[in-house]
Amino acid sequence: MEIILKQDVTGLGYKNDTVKVKPGYGRNYLIPNGVALIANDSNKRMVAENIRQAAHKAAKLKQDAEALAAKIGEMTLEIGTKAGESGKIFGAVTAVQVSDALKAKGFDVDRKKISFKEQPKQLGTYIANIDLHKEVKHSVTVDVVAE
């Protein structure tokens, strides 16, 4: 089944993308929750017109995302947490903590756009991936240290 996404869906696609999904996922979850539309001719034309009208806005958003990525650069964030003797931390470092650390440095990044390849559960250095835009991805080094 082909659908048009009305918003970004992690692991599936970005807003206004036409993607194929299993019929049950589309009919029972995506469409009732307002995340997607059925990809029929009228909806495709409507989305094409919306994309055409929003092209200059999209260029500005991409430019802003690239500027933010350039400002962040090769930044290293230090996040303090409670840890045991063996270096294992209590809980895990989450995207919320990375988002708060970025806010403290003056960068406003939504926690939903931050992910880890490997969830930090011990003291050490990890890479946080930031999805700033459909075409702009950035990585930040996160040092997890004991408080």
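**Exercise 1. Locate Asn16 among the strands, and describe its backbone and its exposure.**

Asn16 sits in the loop that links β1 (2-5) to β2 (18-20), where strands (E, at least two residues) and helices (H or I, at least four residues) are DSSP runs numbered from the N terminus. The model is predicted, so local features need pLDDT of at least 70 and side-chain atom pairs count only at pLDDT 80 or more, while totals for chains, interfaces and linings use all residues. Residues are numbered from 1 along each chain as its sequence is written, and side-chain values use heavy atoms, with hydrogens and water left out.

Turning to the backbone, Asn16 has a positive phi of about 70 degrees, although it is not a glycine. Most residues other than glycine have a negative phi. As for exposure, Asn16 counts as partly exposed because its relative accessibility is 26%, given that buried means under 20% relative accessible area, exposed over 50%, and partly exposed in between (1.4 Å probe, protein chains only).

**Exercise 2. Determine which strands pair with β1, and in what sense.**

Start with β2: β1 and β2 pair in the antiparallel sense over three bridges, pairing being assigned if DSSP finds at least two bridges between two strands. Within this pair, Glu2 has Lys20 of β2 as its bridge partner. Next, β1 is also joined by three bridges to β3 (residues 36-38), and these strands run antiparallel; here Ile3 has Ile38 of β3 as its bridge partner.

**Exercise 3. Identify the buried residues of α4 and work out how they are arranged around the helix.**

The buried residues of α4 are Ala95, Val98, Ser99, Ala101 and Leu102. They lie on the same side of α4, because they cover an arc of only 160 degrees around the axis (taken from the directions from the helix axis to the C-beta atoms). The buried residues of α4 pack against β4, β5, β6 and β7, contact meaning heavy atoms within 4.5 Å. After α4 comes Gly106, with a positive phi near 100 degrees.

**Exercise 4. Describe the largest nonpolar core and the place of Val98 in the packing.**

A nonpolar core is a set of buried Ala, Val, Leu, Ile, Met, Phe, Trp, Tyr and Cys residues joined through side-chain atoms within 4.5 Å. The largest has 24 residues, and those with the most contacts inside it are Val98, Leu102 and Ile114. Elements giving two or more residues to this core include α3 (55-72), β4 (76-81) and α4 (95-104), and the largest share, four residues, comes from α4. Leaving aside neighbours within four places in sequence, Val98 is in contact with Leu77, Ile79, Val93, Ile114, Phe116, Ala128 and Val142. Apart from this core lies another, of eight residues, among them Leu5, Val9, Val21 and Val35.
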